[in-house]
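Biologist: Please take a close look at the largest pocket and its lining. From there, please go on to the surface around the chain and to the salt bridges, with the criteria behind each term.

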Amino acid sequence: MKCPFCQHEDTQVLDTRVSEEGDAIRRRRRCVQCDKRFTTYERIELSMPIIVKKNGSRTEFASHKLRGSLMLALRKRPVSAEAIDAAVASIEEKLLISGRREVDTGHVGELVMQELKRLDEIAYIRFASVYKDFKDLAEFQQALVEVGHSRK
């Protein structure tokens with residue numbers, strides 16, 4: 001670790017503690033060259049995969065867009081904010097655990113549909129009708145039948 005004062009590369013760790021929130025390690029350091037002290041923090045850096053759109057363009061994962069899609073499908077449905085937060089967290093966790101650097105929007109859409117099917121069948125049908133782009137009534141009826149079978 002470089003000293004922020006003299007840029008010397010040799011520093012000594014004097015004290016190590018876990019932060020109050022428990023999400024970081026706090027280290028008190030001393031520069032062996034200039035003898036000044038400073039504090040550093042170590043935090044976990046999680047990087048979400050890049051989202052590959054249908055047209056081939058790439059964009060950063062945006063949690064607020066995921067939440068917005070869920071909220072739109074769940075509009076006027078009896079689902080708590082905590083359940084929505086849990087669904088977003090579950091999808092994000094699945095994306096992180098996959099270890100993939102890039103994920104196509106189709107995969108994210110399938111994860112959203114799994115969560116919506118678990119949360120609310122009407123919201124699932126709403127989302128599926130847009131996501132799957134039903135061409136006719138038969139495709140829509142098939143989705144309804146699938147929801148009905150998963151209920152039993």
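Modeller: The account that follows begins with the pocket, then turns to the strands, loops and charged pairs.

This is a predicted model, in which local features need pLDDT of at least 70 and side-chain atom pairs count only at pLDDT 80 or more, while totals for chains, interfaces and linings use all residues. Residues are numbered from 1 along each chain as its sequence is written, and side-chain values use heavy atoms, with hydrogens and water left out.

The largest pocket holds about 480 Å³ of space. A pocket here is an open set of points on a 1 Å grid over the protein atoms alone, where a 1.4 Å probe fits and protein lies on both sides within 12 Å along at least five of seven lines; lining residues have an atom within 4 Å of a point. Sixteen residues line this pocket, and Ile-51, Ser-69, Thr-105, Val-108 and Gly-109 are the ones nearest its centre. Two or more lining residues come from each of helix H1 (63-73), helix H3 (105-119) and helix H4 (121-131). Helices are DSSP runs of H or I with at least four residues, strands are runs of E with at least two, and both are numbered from the N terminus. The leading contributor to the lining is H3, with four residues. By residue class, the lining comprises eight nonpolar, four polar and four charged residues. In this division Ala, Val, Leu, Ile, Met, Phe, Trp, Tyr, Cys and Pro are nonpolar, Asp, Glu, Lys and Arg are charged, and the others, Gly among them, are polar.

Strand S6 (residues 102-104) contains Asp-104. With a relative accessible area of 37%, Asp-104 is partly exposed; buried means under 20%, exposed over 50%, and partly exposed in between (1.4 Å probe, protein chains only). Although 51 residues separate Asp-104 from Lys-53 in sequence, their C-alpha atoms are 6.0 Å apart.

A nonpolar patch is formed on the surface by Ile-44, Leu-46 and Leu-96, with an area of about 330 Å². Patches take residues with over 30% relative accessible area and no salt bridge, joining nonpolar side chains (Val, Leu, Ile, Met, Phe, Trp, Tyr) within 5 Å and like charges within 9 Å. Of these patch members, Ile-44 belongs to the loop between strand S3 (37-43) and strand S4 (50-52), and Ile-44 is exposed, at a relative accessible area of 72%. The C-alpha atoms of Ile-44 and Asp-23 are 7.7 Å apart, across 21 residues of sequence. Asp-23 itself sits in the loop between S1 and S2 and is partly exposed, with 45% relative accessibility.

The salt bridges come next. A salt bridge is a side-chain nitrogen of Lys or Arg within 4 Å of a carboxyl oxygen of Asp or Glu, and eight are counted by this rule. One of them joins the side chains of Asp-15 and Arg-17, at 2.9 Å from N to O; Asp-15 is partly exposed, at 26% relative accessibility. Another pairs the side chains of Arg-27 and Glu-42, at 2.6 Å from N to O. Arg-27 is part of strand S2 (residues 24-31) and Glu-42 part of strand S3, so this pair ties together parts 15 residues apart in sequence. Glu-42 is partly exposed, with 38% relative accessibility.

A further bridge links the side chains of Arg-67 and Asp-85, again with its N to O distance at 2.6 Å. Arg-67 is in helix H1 and Asp-85 in helix H2, so the pair ties together parts that are 18 residues apart in sequence. Arg-67 is partly exposed at 30% relative accessibility, and Asp-85 is partly exposed with a relative accessible area of 39%. Lys-94, Glu-115 and Arg-118 are connected into one network through salt bridges that share partners.

Two further residues deserve attention for their backbone angles. Most residues other than glycine have a negative phi. Phi of Gln-7, however, is positive, near 65°. Gln-7 is placed in the segment before strand S1 (11-18) and counts as partly exposed, at 45% relative accessibility. Lys-76 likewise has a positive phi, near 65°; Lys-76 belongs to the loop between H1 and helix H2 (81-98) and is exposed, at 73% relative accessibility.

Finally, Glu-60 is found in the loop between strand S5 (58-59) and H1. Glu-60 is exposed, with a relative accessible area of 63%. The C-alpha atoms of Glu-60 and Arg-75 lie 26 Å apart, with a sequence separation of 15 residues.

Notes
Grid points are joined across faces, edges and corners, and a volume is the space filled by probe spheres set on the points. Accessible areas come from the Shrake-Rupley method with a 1.4 Å probe; for residues, only the protein chains shown count as cover.
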